[in-house]
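The following exercises are to be worked with the sequence and the three-dimensional model at hand. Each task is followed by a solution in steps.

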Amino acid sequence: MSMSKKIRTEAVKNLFQAVLTLETEEECFTFFEDLCTVNELESLAQRFEVATMLRDKHTYLEVAEKTGASTATISRVNRSLNYGKDGYDMVFRKMKKK
């Protein structure tokens with residue numbers, strides 16, 4: 001079973017529908033502070049920072065020093081960037097347009 005099959009549950013769809021209602025950064029802070037623990041939110045933010053740095057051609061060492069991410073996390077994010085569903089690239093493109 002591929003990863004995308006496992007995550008495409010009714011509960012995840014409902015969560016994404018909720019996220020799609022958020023319109024401002026402040027609404028995101030309010031919702032995600034209730035939804036996630038501080039550690040969960042920091043982990044998500046860290047992965048996104050790792051992806052951004054890897055895309056900008058930083059070395060694993062630079063990424064680890066700046067983000068505090070483990071080499072396992074950096075490797076996993078790098079694998080997603082190179083062999084994933086292009087979700088990071090999609091978001092980077094959209095962010096660039098704004």
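**Exercise 1.** Is Thr 73 buried or exposed? Determine also where Thr 73 is placed and which residues it contacts beyond its sequence neighbours.

*Solution.* The model is a predicted one.
Step 1. The place of Thr 73 is found in helix α6.
Step 2. The relative accessible area of Thr 73 is 14%. The cut-off for a buried residue is under 20%, so Thr 73 is buried.
Step 3. When neighbours within four places in sequence are left aside, Thr 73 is in contact with Gln 46 and Arg 47.

**Exercise 2.** Identify the salt bridges and state how accessible each partner is.

*Solution.* Side chains of opposite charge can pair when their charged atoms come close.
Step 1. How many salt bridges does the structure hold? It holds two.
Step 2. One of them joins Lys 66 to Glu 49, with 2.6 Å between the closest N and O atoms. This pair links distant parts of the chain, since Lys 66 belongs to helix α5 (residues 60-67) and Glu 49 to helix α4 (residues 38-55), 17 residues apart.
Step 3. Lys 66 has a relative accessibility of 56% and counts as exposed. Glu 49, at 29%, is partly exposed.
Step 4. A salt bridge is also formed by the side chains of Arg 55 and Asp 56, at 3.4 Å from N to O. Both partners are partly exposed: Arg 55 has a relative accessible area of 35%, and Asp 56 has one of 42%.

**Exercise 3.** Describe the largest nonpolar core and place Leu 81 and Val 77 in it.

*Solution.*
Step 1. Which residues make up the largest nonpolar core? The ten residues are Val 50, Ala 51, Met 53, Leu 54, Val 63, Ala 69, Ile 74, Val 77, Leu 81 and Phe 92.
Step 2. Helices α4 and α6 (71-83) each supply at least two residues of this core. The largest share, four residues, comes from α4.
Step 3. Leu 81 is a residue of helix α6. Its relative accessibility is 13%, and Leu 81 therefore counts as buried.
Step 4. Apart from neighbours within four places in sequence, Leu 81 is in contact with Ala 51, Leu 54, Arg 55, Asp 86, Tyr 88, Asp 89 and Phe 92. Leu 81 and Leu 54 are 27 residues apart along the chain, and their C-alpha atoms are separated by 8.5 Å.
Step 5. Val 77 touches Arg 47, Val 50, Ala 51, Leu 54 and Tyr 88, residues up to four places away in sequence not being counted.

**Exercise 4.** Characterise the largest pocket by its volume and its lining.

*Solution.*
Step 1. What is the volume of the largest pocket? The volume is about 2600 Å³.
Step 2. The pocket is lined by 40 residues, of which Phe 16, Val 19, Phe 48, Gly 87 and Val 91 are the closest to its centre.
Step 3. At least two lining residues are supplied by each of α1 (3-7), α2 (10-20), α3 (25-35), α4, α6 and α7 (87-97). Helix α7 provides the largest share of the lining, seven residues.
Step 4. Sorted by class, the lining comprises 22 nonpolar, six polar and twelve charged residues.

Methods: Residues are numbered from 1 along each chain as its sequence is written. This is a predicted model: local features need pLDDT of at least 70, side-chain atom pairs count only at pLDDT 80 or more; totals for chains, interfaces and linings use all residues. Side-chain values use heavy atoms; hydrogens and water are left out. A salt bridge is a side-chain nitrogen of Lys or Arg within 4 Å of a carboxyl oxygen of Asp or Glu. Buried means under 20% relative accessible area, exposed over 50%, partly exposed in between (1.4 Å probe, protein chains only). A nonpolar core is a set of buried Ala, Val, Leu, Ile, Met, Phe, Trp, Tyr and Cys residues joined through side-chain atoms within 4.5 Å. Contact means heavy atoms within 4.5 Å. On a 1 Å grid over the protein atoms alone, a cavity is a set of points where a 1.4 Å probe fits but cannot get out, and a pocket is an open set with protein on both sides within 12 Å along at least five of seven lines; lining residues have an atom within 4 Å of a point. Grid points are joined across faces, edges and corners, and a volume is the space filled by probe spheres set on the points. Ala, Val, Leu, Ile, Met, Phe, Trp, Tyr, Cys and Pro count as nonpolar, Asp, Glu, Lys and Arg as charged, and the others, Gly among them, as polar.
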